[in-house]
Number of protein chains: 2
Amino acid sequence: MITLHHIPDTRSNRIIWLLEELKLTYQIKTYQRDPVTKEADAKLKDIHPLGKTPILTDGDLCLAESGAIIEYLLDHYDSEHQFRPNHYPQKQQYLYWLHFSEGSLMPLLIMGYVHHIALDKGTPWWVKPVIKQFVSSLAKRFIQPRLTPQLQMIEAHLTQQAFFCGDTFSAADIQMMIPLQFYQQRFGCDAYPAISAYIEKNSQRQAYKASVKQS
Amino acid sequence: MITLHHIPDTRSNRIIWLLEELKLTYQIKTYQRDPVTKEADAKLKDIHPLGKTPILTDGDLCLAESGAIIEYLLDHYDSEHQFRPNHYPQKQQYLYWLHFSEGSLMPLLIMGYVHHIALDKGTPWWVKPVIKQFVSSLAKRFIQPRLTPQLQMIEAHLTQQAFFCGDTFSAADIQMMIPLQFYQQRFGCDAYPAISAYIEKNSQRQAYKASVKQS
């Protein structure tokens, strides 16, 4: 039996979505974060040493890292290559966006978010103006010069193509939705109409809706 | 002809290394960073919209993202699966470390490094104590609680196994060397003898030495 170890509203949402797209039978074990420290339930460390979700177990195998879990599920349960192109150049697109999502886009979003939370909740009022200037300077000098070209590239790509690998939905779309939704929730996507329409289109997929009900 | 667009001492070192392991014929086009702004040569944007190295071109294909380039090269030039296991559970290890390297480990290292540089070079002396406390607090509350378990997991793994996928060297080792060397150069690896020995062992590989000469 496939078991997904899951914390709601984390990257493991994407694994539920792929399991639904593949029409697999699976169970979800849901864990919570500590409401104060935001630490994940320590029981997760009994399953995988880092204790971060998603963790997927299938027979004797225990898998972590979204991209690796996606590749595993497609290796085993997508023999007709419905969700992963089998030939280049489409496969190149698939691989690029699969790695780009967590290797390039997400780290910038997380860095900005961590600064925002630290400024908002962990900084005494009397040093806030100084810290705010430091955080703004980091955003201006490091995050924005990298993030904006990435979003512009994605916008241009989705203006030309319906999905990340072309005309057909693939697991690269599942991998990319999390950072795009994360960005949209924090900043809105008014400047990026193709990204906005793409998120809305994916949100209408039956498997996506089924995954949201369980996540 | 395979062409690697390269900036010395960046992630694209790992692609030269893999090209050497695969004994391929290739050319390197070297670019530089602006000595003041540290921006990559703008000509790179003519090849790929983000203008970040590594970029690899092979015929009509133009590839970016280390992990995606590695997968492409193995798909095309490693038909005997010398550098990528073809079966589970070894393939699971390969996929895990391939994605973990840039998806989990590197973002924490980069965040710490960016804070360090911003504190060191971009902060006026009269606010430095306040900023230093903020940066230390971020390291203590966000970076270290994630980074230390990752390094401990890697140390335990490399205590039990010679390479990331078991007894045999694979491209997952190439993907993992960059963050491990980055960590070692900044903080030293005295607390992690298995990681230290692993870096030294890989550094003795003929293909690695050949790559260093060209990077």
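The following questions and answers go through a predicted model with chains A and B.

Trainee: What turn lays chain A on chain B?
Mentor: Two copies of a chain are related by a rotation about an axis and a shift along it. Here the shift along the axis is 0.0 Å, and the RMSD is 0.0 Å. The two copies are thus related as by a two-fold rotation axis. The turn is 180°.

Trainee: Which residue of chain A has the C-alpha nearest the axis?
Mentor: The axis is the one that relates the two copies, as a two-fold rotation axis would. In chain A, the nearest C-alpha lies 2.4 Å from the axis. That C-alpha belongs to Gly103(A).

Trainee: How are α3(A) and α4(B) placed relative to each other?
Mentor: Two packed helices are described by the angle between their axes and the distance between the axes. For α3 (residues 90-121) of chain A and α4 (residues 128-160) of chain B, the axes are 11 Å apart and the angle is about 110°. Angles from 65 to 115 degrees count as roughly perpendicular. Therefore α3(A) and α4(B) are roughly perpendicular to each other.

Trainee: Which residues of α4(B) meet α3(A)?
Mentor: From α3(A), the residues in this contact are Ile110(A), Val114(A), His115(A), Ala118(A) and Leu119(A). By class, the contact of α3(A) with α4(B) has 7 nonpolar, 1 polar and no charged residues. On the side of α4(B), the residues are Phe134(B), Leu138(B) and Phe142(B).

Trainee: In what order do the strands of the open sheet in chain A stand?
Mentor: The sheet has 4 strands, and its pairing is mixed. β1 (residues 2-6) and β2 of chain A run parallel, joined by 5 bridges, while β3 (residues 55-58) and β4 (residues 61-64) of chain A run antiparallel, joined by 4 bridges. The edge strands are β2 (26-30) and β4 of chain A, each pairing on one side only. The order is β2-β1-β3-β4.

Trainee: What is the bridge partner of Ile2(A) in β2(A)?
Mentor: Ile2(A) falls within β1(A), whose residues are 2-6 and which runs parallel to β2(A). The partner must therefore be sought in β2(A), where the bridge is made by Tyr26(A).

Trainee: Which residue in the hairpin of β3(A) and β4(A) takes a positive phi?
Mentor: The two strands of this hairpin run antiparallel, and Ile55(A) has Ala64(A) as its bridge partner in β4(A). Between the strands there are 2 residues. The residue with a positive phi, near 60°, is Gly59(A).

Trainee: Which residue other than glycine has a positive phi near 75°?
Mentor: Most residues other than glycine have a negative phi, and most peptide bonds are trans. The residue asked for is in the loop between β4 and α2 of chain A. Its name is Glu65(A).

Trainee: Where is Pro54(A), which follows a cis peptide bond?
Mentor: The cis bond runs from Thr53(A) to Pro54(A), with omega near 5°. Another cis bond joins Tyr88(A) and Pro89(A), and Pro89(A) is found in the loop between α2 (66-77) and α3 of chain A. Pro54(A), in turn, is in the loop between β2 and β3 of chain A.

Trainee: Which strands of chain A does α1(A) touch?
Mentor: Helix α1 (residues 13-21) of chain A packs on the sheet. Its direction makes about 155° with that of β1(A). The strands touched are β1, β2 and β3 of chain A.

Trainee: How is α1(A) placed relative to α7(A)?
Mentor: The axes of α1(A) and α7 (residues 206-214) of chain A are 8 Å apart, at an angle of about 135°. The crossing is right-handed. The contact residues include Ile16(A) and Trp17(A) of α1(A), and Ala207(A) and Tyr208(A) of α7(A). The angle makes α1(A) oblique to α7(A).

Trainee: Which strands stand at the edges of the sheet in chain B?
Mentor: In chain B, 4 strands form an open sheet in the order β2-β1-β3-β4. Each edge strand has a single partner strand, so one side of each is left without a neighbour in the sheet. The edge strands are β2 (26-30) and β4 (61-64) of chain B.

Technical notes. Residues numbered from 1 in each chain as written. Chains lettered and ligands numbered in written order. Predicted model: local features only at pLDDT ≥ 70, side-chain atom pairs only at ≥ 80, totals over all residues. Heavy atoms only, no water. Axes fitted to C-alpha atoms, helices over the stretch in contact; angles between N-to-C directions. Parallel < 35°, antiparallel > 145°, perpendicular 65-115°, else oblique. Contact = heavy atoms within 4.5 Å. Nonpolar A, V, L, I, M, F, W, Y, C, P; charged D, E, K, R; others polar. Least-squares fit on C-alpha atoms with pLDDT ≥ 70 in both. Pairing = 2+ DSSP bridges. Left-handed = near helix turned anticlockwise from the far one by under 90°.
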